[in-house]
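Biologist: Please take a close look at one part of this model, the packing around a single helix, and then place that part in the rest of the chain. Give the cut-offs as you go.

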Amino acid sequence: MPTHALKRPTLLTLCACVLVAQSMVAAINLLIPQLGSSALHPSHSEILWTVDAYVIAFAGLLIPAGALGDRYGRKGALLTGLALFAAGAATSALAPGPALLIAGRGLSGAGAALITPATMSILVQLAGPERRAQAMASWTLAIGLGGMAGNLGGGLVGQYLSWRALFAAMVPLAGVLAAAVAVTTPRTARSAHGSPDPAGTLLLTGGLVAVLFGIIEGPGQGWTSARILTAFGVGALLVAAFSVHALRSRAPLFDPRVFRSGGLRATTLGLATGFFGLFALFFVNSQYLQEVKGFQPAVTGIAIVPLIVGMALVPKFAARWSARPRPVVGTGLALIGLGLLAASTADAHTPYPLYACWLLVISVGTGLAMPALTLGVVVSLPPHQAGLGSGLGTSAREIGAALGVAVAGTALAGHPGFASGMGPALRTVGTVVLLATLLVVTGYRPAGRPSRTAPGTPAAREPVA
């Protein structure tokens with residue numbers, strides 16, 4: 001298949017898939033009040049797990065899902081992911097109690113873990129080097145639009161419909177997307193390297209899930225509580241065990257020596273940093289607009305639209321500078337940090353247009369940095385590992401997002417009220433973003449033309465599947 005085979009219908013379909021998967025990360029947050037008063041009578045813990053189950057399954061399974069898509073076929077992985085996403089949404093929509101609601105969220109998250117790396121790796125395979133930067137800009141825009149669509153959709157449903165309507169709408173939508181994928185998306189070259197690695201998959205997934213559990217639950221249970229320290233300890237042990245297993249295995253899920261690349265380390269840190277700032281903002285923004293400014297849920301969803309302006313317009317220009325990613329990445333991440341520091345000055349008397357300007361600064365920074373960082377992760381690995389690269393990059397995003405919410409939540413918890421805690425929380429997050437930006441820029445090494453094989457991997461022809 002020629003590398004320039006990317007067609008507009010394929011691009012739009014794949015971006016729509018990742019947009020829908022990403023939207024369900026944010027949408028549930030605006031439905032928390034309605035869920036709390038619903039006939040399910042969920043406890044506070046059950047509401048938290050309804051929110052977190054999707055993120056934990058999504059982020060915990062991304063790397064193995066991407067690697068398995070490379071190995072067995074990305075189009076098949078994408079269609080399977082859409083089916084799981086729809087099944088999970090249907091389970092949540094029909095759930096008679098909190099347990100099935102949470103189970104459905106986890107199943108949808110597993111589907112999203114298959115969808116996201118498959119869409120990116122298909123784009124990488126089809127676009128070819130000459131169109132790869134533009135394709136990554138479109139894919140990154142879809143991620144941002146997913147966040148906006150989730151906020152807007154969740155706000156509208158929370159104000160005008162039942163929470164079940166959100167999940168019910170995902171079922172036919174996933175069916176339409178699956179039909180579009182079947183018609184528009186060709187099969188791409190898959191990796192012929194190795195065989196299934198169930199032990200590695202279990203070790204890595206278990207480790208990531210344990211770490212994510214600790215990050216997400218830390219603010220509520222206390223960072224030094226036995227449960228959280230145990231989660232981090234188990235996560236560290238499982239990830240270490242995976243590394244030992246992978247280095248000894250003849251066919252590992254992926255070779256951890258890929259992180260010898262300074263460019264890969266810097267770009268994954270950069271992705272985590274950007275989403276650390278963005279999701280801390282998302283967490284604080286909805287509370288600020290509703291509790292401090294008095295906006296209704298639907299208006300709150302609309303009020304975050306300025307965050308999308310830069311994401312939509314800037315990547316088209318940033319793609320022209322793809323040959324010089326370091327200044328683009330450094331400037332973009334710095335703008336995110338500075339925008340957060342500016343937003344930290346907001347209070348009840350701040351005019352919304354001024355607050356929207358700070359959102360726009362963050363949006364421009366995101367539009368500059370994210371496409372270059374996304375592409376940097378992908379080109380740091382051989383082409384046959386595009387799904388793994390997507391899984392690594394998206395895992396970095398989701399872990400960064402979870403950390404951003406956790407840090408902001410912890411900072412807010414140290415103050416008597418939200419209004420007094422918002423400024424210190426955003427200042428803390430903004431400062432961390434700026435410090436991490438220095439590390440990213442210092443360690444960033446733009447990847448050259450990638451080799452066709454990973455470290456220690458024999459060359460092999462890549463069959464189409």
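Modeller: What follows starts with the whole chain, goes on to helix H4 and its two partners, and ends with some single residues.

This is a predicted model, in which local features need pLDDT of at least 70 and side-chain atom pairs count only at pLDDT 80 or more, while totals for chains, interfaces and linings use all residues. Residues are numbered from 1 along each chain as its sequence is written, and side-chain values use heavy atoms, with hydrogens and water left out.

The chain has 16 helices and zero strands; helices (H or I, at least four residues) and strands (E, at least two) are DSSP runs, numbered from the N terminus. Of its 465 residues, 56% are buried. Buried means under 20% relative accessible area, exposed over 50%, and partly exposed in between, with a 1.4 Å probe and protein chains only. Contact means heavy atoms within 4.5 Å. Of the contacts between residues at least 6 apart in sequence, 85% join residues at least 24 apart.

Helix H4 covers residues 74-93 and helix H7 residues 163-184; their axes come within 8 Å and cross at roughly 160°. H4 is therefore roughly antiparallel to H7. Axes are lines fitted to C-alpha atoms, for helices over the stretch in contact, and angles run from 0 to 180 degrees between N-to-C directions. Angles under 35 degrees count as roughly parallel, over 145 as roughly antiparallel, 65 to 115 as roughly perpendicular and the rest as oblique. The crossing of H4 and H7 is left-handed, a term for a near helix turned anticlockwise from the far one by less than a right angle, with clockwise giving right-handed. On the H4 side the contact includes Leu 78, Leu 82 and Phe 85, and on the H7 side Phe 167, Val 171 and Leu 177 are among the residues met. By class, this contact of H4 with H7 has 18 nonpolar, one polar and two charged residues. Here Ala, Val, Leu, Ile, Met, Phe, Trp, Tyr, Cys and Pro count as nonpolar, Asp, Glu, Lys and Arg as charged, and the others, Gly among them, as polar.

H4 also packs with helix H1 (residues 8-26), at an angle of about 35° and with the axes 12 Å apart. This crossing is left-handed too. Leu 14, Cys 17, Val 20, Ala 21 and Met 24 in H1 meet Leu 78, Leu 82 and Phe 85 in H4. The residues of the contact of H1 with H4 are eight nonpolar, no polar and no charged.

Cys 17, one of the H1 residues in that contact, is buried at 1% relative accessible area. With a disulfide taken as a pair of cysteine sulfur atoms within 2.5 Å, the count is zero. Cys 17 is in no disulfide, and the nearest cysteine sulfur, that of Cys 15, is 9.2 Å away.

Elsewhere, Met 136 lies in helix H6 (residues 132-160) and is buried at 0%. Met 136 and Pro 371 are 235 residues apart in sequence, yet 5.6 Å apart in space, C-alpha to C-alpha. Beyond neighbours within four places in sequence, Met 136 is in contact with residues including Pro 371, Thr 374 and Leu 375.

Ser 363, in helix H14 (residues 352-379), is also buried, at 0% relative accessibility.
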